[in-house]
Amino acid sequence: MTVREDPVVRTNNGDVRGTWRGESARFLGIPFAEPPVGALRFAAPVAARPWSGVRDAREYGPTPQRAQLAEVTMIPEPTIPGDSILNVNVFTPAPGEPADGAGLPVLVWVHGGGYTAGSPASPWYDGAAFNRDGVVTVSVSYRLGFDGFGWVPGAPSNRGVRDWLLALEWVRDNIRAFGGDPDRVTLAGQSAGGGAVLTLLTLPAAQGLFRGVFSLSGVPADISPEQARAVSESVAERLSVPATGAGFASAGEAEVFAAQGAPLGDLPSSGIERLRALGRFATEPMPYGPVVDGELVVDTVPRSLASGAGRRVPLVMGSTRDEFSRSLGAIRADLDPLDPVIALETLGVPADRRDAALAAIGRESTTTAAGRVIADTLFRTRLLEIAEVRGDGPTWMYDFAWRSPVSGYALHCLDIPFFFDALDEENVARVAGDAPPQRLADEMHDALVRFVVDGDPGWEPAGPDARSIRTFDTREPEDDPAALARVLSGRPARTATR
């Protein structure tokens with residue numbers, strides 16, 4: 001039996017050795033930037049220096065992951081120690097320069113985690129299924145939390161955003177060596193990663209680095225400079241250092257991590273107070289994420305889209321039906337006995353919209369109704385706004401409504417292994433049961449592959465009033481999956497379908 005030699009690819013920085021896995025290969029932990037430590041900690045990313053010889057790329061590089069958002073994420077995301085956290089992972093069915101010059105389409109994946117957690121080394125982000133379908137897949141890492149997005153006087157803002165940009169430039173300059181076409185790049189991400197690709201859609205510095213965007217449960221952060229400074233001052237106070245570049249640099253990474261806080265990091269245990277806290281989470285700004293600094297991030301995503309930024313770039317966006325209902329599980333015994341109207345009042349739904357909201361939700365428990373309101377307030381109402389301001393731009397919307405037999409909900413993150421056709425991966429059975437529907441994974445994965453290859457996921461565009469929304473479920477879909485979001489946002493009910 002002939003042993004297949006490990007594949008070696010020549011990048012602009014030097015050669016890298018990957019690993020064959022059947023008919024495709026993977027190259028892991030390739031640095032696109034120098035380690036952001038010491039003088040580079042709060043600096044813009046610096047492109048990786050060339051190396052001599054063949055660099056081993058058979059294991060994931062260090063990741064910036066330090067903790068998981070236990071309340072909301074279900075994704076297995078390893079913490080890998082080390083300083084060289086700015087790296088890419090490439091999965092390809094055809095390593096090496098295309099013989100005929102025609103490379104394969106490329107999917108670039110940006111992980112989520114509230115801009116404070118997450119890791120590109122998750123087995124849920126393995127590109128094997130995309131390779132099977134002729135798509136080169138790249139996952140990227142970036143600085144998280146305060147180091148990536150905190151306001152540091154004298155330092156460049158949006159360091160995490162700059163990491164995304166440099167990673168995309170690395171893809172542009174090197175992906176052909178892995179069999180990919182740099183002119184056929186599609187961005188995709190989930191949660192904070194979904195927000196990231198929406199930001200990149202409107203970023204002047206990112207134009208020309210991709211041709212399509214697919215956002216899963218993503219909404220823009222769009223943090224104002226005033227908000228960013230306020231968070232920075234709070235972190236400095238907790239660290240007992242001055243809110244200056246020197247002050248923050250004097251604190252170690254572990255100290256800053258402990259002081260920076262995280263979304264949903266400390267939810268109350270009592271029913272109404274937890275519900276109220278989740279309502280605030282759905283409406284208030286995130287502590288970290290892209291800051292509208294007027295320079296790199298010129299304006300908010302909705303205003304940029306309204307002015308025409310990214311208008312002709314094909315965009316798919318959607319969310320899961322129940323998103324953060326997992327966070328309500330601990331208070332179900334408190335919520336379910338309540339009249340649902342009380343739950344909606346606690347969540348801030350105006351009195352004149354509560355009856356219509358409950359009608360849109362249908363016959364559900366109070367806990368489920370509250371979870372739907374939180375999900376649609378945070379995600380679907382904002383996606384409706386994006387569809388509206390995109391006008392006639394090519395925009396598609398989806399709704400992931402399949403309820404796991406484990407939780408009873410279509411939760412945040414549950415759609416990822418379906419889109420990646422990775423139902424056999426680690427931890428999927430724990431959150432999706434022993435027999436998640438492969439047919440649904442086939443449909444969802446095919447939609448993403450079609451979009452990467454052809455720029456069209458396979459259903460009617462939404463239009464500015466979101467008349468067409470593709471529901472992914474094993475049950476008969478609702479007539480209008482956005483009915484609740486239309487009520488919550490004060491938009492009129494849908495009057496026409498396509």
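In this short talk I will go through the interior of this structure, one enclosed helix, one cavity, and a few single residues, and I should say at the outset that the model is a predicted one.

Let me begin with the nonpolar interior. The largest nonpolar core has 82 residues, and those with the most contacts inside it are Ile 30, Val 90, Phe 178 and Phe 210. When we look at what builds this core, the largest share comes from helix α3, residues 159–174, which gives eight residues to it. There is also a second, separate core of 40 residues, and this one includes Phe 214, Val 316, Trp 396 and Trp 402.

To give an idea of the surroundings of one of these residues, take Ile 30. If we set aside its neighbours within four places in sequence, Ile 30 is in contact with Val 16, Trp 51, Ala 57, Leu 86, Asn 87, Val 88, Val 90, Trp 170 and Phe 178. Two of the names in that list, Val 90 and Phe 178, are also among the residues with the most contacts inside the largest core.

Now to the enclosed helix. How many of the residues of α4 are buried? The count is 11 of the 11, so α4 is largely enclosed by the rest of the structure. The buried residues of α4 include Gly 193, Gly 194 and Gly 195, and also Val 197, Leu 198, Leu 200 and Leu 201.

I would like to stay with Leu 200, which has its place in this helix, residues 192–202. Leu 200 counts as buried because its relative accessibility is 1%, where the limit for buried is under 20%. Leaving aside neighbours within four places in sequence, Leu 200 is in contact with Trp 164, Leu 165, Leu 168, Leu 187, Ala 206, Gln 207 and Phe 210. One of these partners, Leu 187, is 13 residues from Leu 200 along the chain, and the C-alpha atoms of the two are separated by 8.9 Å.

Leu 200 also brings us to the cavity. The structure holds one cavity of 30 Å³ or more, and the largest cavity has a volume of about 40 Å³. Which residues line the largest cavity? They are Val 108, Val 110, Val 140, Trp 164, Ala 167, Leu 168, Leu 187 and Leu 200. The elements that give two or more residues to this lining are β7 and α3, and α3 gives the most, with three residues. In terms of character, the lining divides into eight nonpolar residues, no polar ones and no charged ones.

A buried residue of another kind is Ser 119, whose place is in the loop between β7, residues 104–110, and α1, residues 128–132. Ser 119 is buried, with a relative accessible area of 0%. As for its side chain, a polar atom there lies 3.0 Å from the backbone nitrogen of Ala 121, and the backbone oxygen of Pro 78 lies 3.5 Å from a polar atom of the Ser 119 side chain.

Two further loop residues deserve a look at the backbone. Ser 240, in the loop between α5 (225–239) and α6 (245–249), has a phi near 60°, which is a positive value in a residue other than glycine. Glu 323, in the loop between β11 (315–320) and α10 (332–335), likewise has a positive phi, near 35°. Are these two buried or exposed? Ser 240 counts as exposed at 68% relative accessibility, whereas Glu 323 counts as buried at 1%.

I will finish with two residues that are partly exposed. Val 8 lies in strand β1, residues 8–10, and has a relative accessible area of 42%, so Val 8 is partly exposed. Not counting residues up to four places away in sequence, Val 8 touches Asp 15, Val 16, Arg 17 and Val 54. Val 8 and Glu 478 are 470 residues apart in sequence, and their C-alpha atoms are 50 Å apart in space.

The other is Glu 385, which lies in helix α13, residues 366–390, and which counts as partly exposed at 31% relative accessibility. Apart from its neighbours within four places in sequence, Glu 385 is in contact with Pro 302 and Arg 491. The C-alpha atoms of Glu 385 and Pro 464 are separated by 8.5 Å, although the two residues are 79 apart along the chain.

Technical notes
Residues numbered from 1 in each chain as written. Predicted model: local features only at pLDDT ≥ 70, side-chain atom pairs only at ≥ 80, totals over all residues. Heavy atoms only, no water. Core = buried A, V, L, I, M, F, W, Y, C linked by side-chain atoms within 4.5 Å. Buried < 20%, exposed > 50% of the residue type's maximum accessible area, 1.4 Å probe, protein only. Helix = DSSP H or I, 4+ residues; strand = E, 2+ residues; numbered from the N terminus. Contact = heavy atoms within 4.5 Å. Polar contact = N/O pair within 3.5 Å; in protein donor to acceptor, adjacent residues only side chain to side chain. 1 Å grid on protein atoms, 1.4 Å probe; cavity = no way out; pocket = protein on both sides within 12 Å on 5 of 7 lines; lining within 4 Å. Points joined across faces, edges and corners; volume = space filled by probe spheres on them. Nonpolar A, V, L, I, M, F, W, Y, C, P; charged D, E, K, R; others polar.
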